[in-house]
Amino acid sequence: MAKAAWRACAGLAGLAGLCAPAGEAMGQGSTRGGASFQGIGFVAGGTSSDALAVSSDGLVVVGDSVTPAGPRAFRWTGGGGMQSLGVLGAATSSSARAVSANGAVVAGVSGGRAFRWINSTGMVDLGVLPGGVFSVAQGISGNGQAVVGTSGSTAGDRAFRWTSFGGMTSLGVLPGGTASYGFASSADGGSAAGFSLVNGTPAAFRWTPSGGIKPLGFLPGGTVSQANAMSSSGAFVVGTGNSALGNRAWRWAGSGGAPGAMLDLGRLATATESVARAISADGAVVVGTSDTTAGFHAVVWTASSPMRKLQDVLEEQGIDLSGWLLLTATGVSADGLTIVGTGAGPQGQEAYLARLPARPCYANCDWSAAGGTPTLDAADFSCFVTRFMAGDPWANCDGSTAAPVLTIRDLECFLAKVAAGCS
């Protein structure tokens with residue numbers, strides 16, 4: 001199991017461009033009832049593209065696009081289309097991995113070096129830790145002043161945090177660890193997440209200036225975990241790891257700075273694994289990828305609904321996705337309503353941007369809809385009971401705090417919400 005999870009870079013995670021950097025024509029677009037979908041094309045001369053992150057407001061997308069000269073980091077906006085951000089020096093490739101809240105600052109990797117980009121300066125090399133020869137940026141704070149990633153060093157690979165005033169510093173390793181890798185930053189830049197190699201296998205961590213690097217633990221029966229993203233406050237962390245049930249996406253919730261339980265986010269039917277790649281500001285929406293017998297699928301999970309194919313959710317909103325197969329979901333806006341990723345479309349492998357009209361009402365537990373209208377039926381009751389029996393905090397419908405938190409009153413509360421319907 002440990003080896004299977006560690007090889008995720010060649011499977012699910014590899015699709016999303018975590019392991020290596022993978023015309024400005026607009027792709028097929030569709031809008032219906034407030035929901036919308038579009039392929040966002042390629043950089044000039046490009047033949048494919050991958051979206052890897054989206055700004056908090058959902059208006060700026062970053063990633064990379066393959067061109068005859070090599071992969072190029074891009075920044076996309078609705079008004080300006082897809083802009084190549086170029087490369088560092090004589091490098092032949094670049095990939096944009098993170099973007100600030102307002103979309104003005106981009107971070108990533110070019111030629112084996114972490115970069116930070118703003119329009120006035122272009123790409124700036126963030127350097128390496130002492131003794132290192134490579135670095136890659138994976139996460140960025142809301143204001144773009146803090147960057148998280150990985151750098152080589154004399155001590156080995158180390159997760160780093162770079163700030164505009166302090167430069168690059170190592171986040172260290174977990175006890176017994178030999179290496180660490182940084183993937184995410186909170187909005188204020190005050191916490192970071194990733195994984196550390198301990199006894200040769202990944203163990204997810206969360207880092208803060210006051211507490212240092214702390215383990216997040218594992219799913220039940222698991223021995224491997226990797227953190228990929230954090231909520232705005234850093235209170236929620238998502239990632240993937242193995243478990244007694246297989247490789248699963250998870251969401252961790254901290255409590256008073258102490259490790260909290262990892263919640264298994266499940267997988268699609270017939271799938272063998274799932275990966276969580278991004279999370280909304282409040283931690284209520286998680287996006288990622290799950291495989292099935294039919295291949296990879298972009299998925300979305302919310303605190304009020306189980307994991308579902310993003311494609312199904314959009315089509316239930318009346319969106320025409322003819323010719324598309326949504327493979328990965330790698331970024332989500334702060335409000336959880338704008339999702340980006342990569343799909344197989346009419347033009348080949350292409351980055352996409354999807355917008356949802358609103359989160360489902362609480363009573364619509366399974367997030368089903370017909371033509372954009374929430375559908376309440378027996379499946380929602382079954383969904384609630386499943387989450388209730390699993391001890392999911394979401395099932396605390398009445399908001400009680402005294403133990404036991406989940407009681408028959410929550411069932412009565414849920415039934416009342418179903419009776420009230422979705423406005």
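**A tour from the largest cavity to an aromatic cluster**

Begin with strand 24, which contributes 3 residues, the largest share of the lining of the largest cavity, and keep in mind while looking that this is a predicted model. The space in the largest cavity comes to about 40 Å³. Next, select strand 23 (274–279), strand 24 (285–292) and strand 25 (295–302) together, since these are the elements that give two or more residues to the lining of the largest cavity. To show the lining in full, select Ala-249, Leu-265, Val-275, Ala-276, Val-286, Val-287, Gly-288, Val-299, Trp-301 and Met-307; colouring this lining by class gives 9 nonpolar residues, 1 polar residue and no charged residues.

Now turn to the aromatic side chains, for which the count is 7 aromatic pairs. Select Tyr-362 and Phe-414, whose ring centres are 6.2 Å apart and whose planes stand at 65°, an angle over 60 degrees, so the pair counts as edge-to-face. This pair links distant parts of the chain, 52 residues apart: Tyr-362 is in the loop between strand 29 (348–355) and strand 30 (369–370), whereas Phe-414 belongs to helix 5 (residues 408–420).

Is each partner buried or partly exposed? Tyr-362 is partly exposed, with a relative accessible area of 22%, while Phe-414 is buried, with a relative accessible area of 0%.

Extend the selection to Phe-384 and Phe-388, which form one aromatic cluster with Tyr-362 and Phe-414. Finally, add Lys-417, which lies over the face of Tyr-362 at 5.7 Å from the ring centre.

Note on methods:
Residues are numbered from 1 along each chain as its sequence is written. This is a predicted model: local features need pLDDT of at least 70, side-chain atom pairs count only at pLDDT 80 or more; totals for chains, interfaces and linings use all residues. Side-chain values use heavy atoms; hydrogens and water are left out. On a 1 Å grid over the protein atoms alone, a cavity is a set of points where a 1.4 Å probe fits but cannot get out, and a pocket is an open set with protein on both sides within 12 Å along at least five of seven lines; lining residues have an atom within 4 Å of a point. Grid points are joined across faces, edges and corners, and a volume is the space filled by probe spheres set on the points. Helices (H or I, at least four residues) and strands (E, at least two) are DSSP runs, numbered from the N terminus. Ala, Val, Leu, Ile, Met, Phe, Trp, Tyr, Cys and Pro count as nonpolar, Asp, Glu, Lys and Arg as charged, and the others, Gly among them, as polar. Rings of Phe, Tyr and Trp (its six-membered ring) pair if their centres lie within 6.5 Å; planes under 30 degrees apart count as stacked, over 60 as edge-to-face and the rest as tilted. Buried means under 20% relative accessible area, exposed over 50%, partly exposed in between (1.4 Å probe, protein chains only). A charge sits over a ring if NZ of Lys or CZ of Arg is within 6 Å of the ring centre and within 35 degrees of the ring normal.
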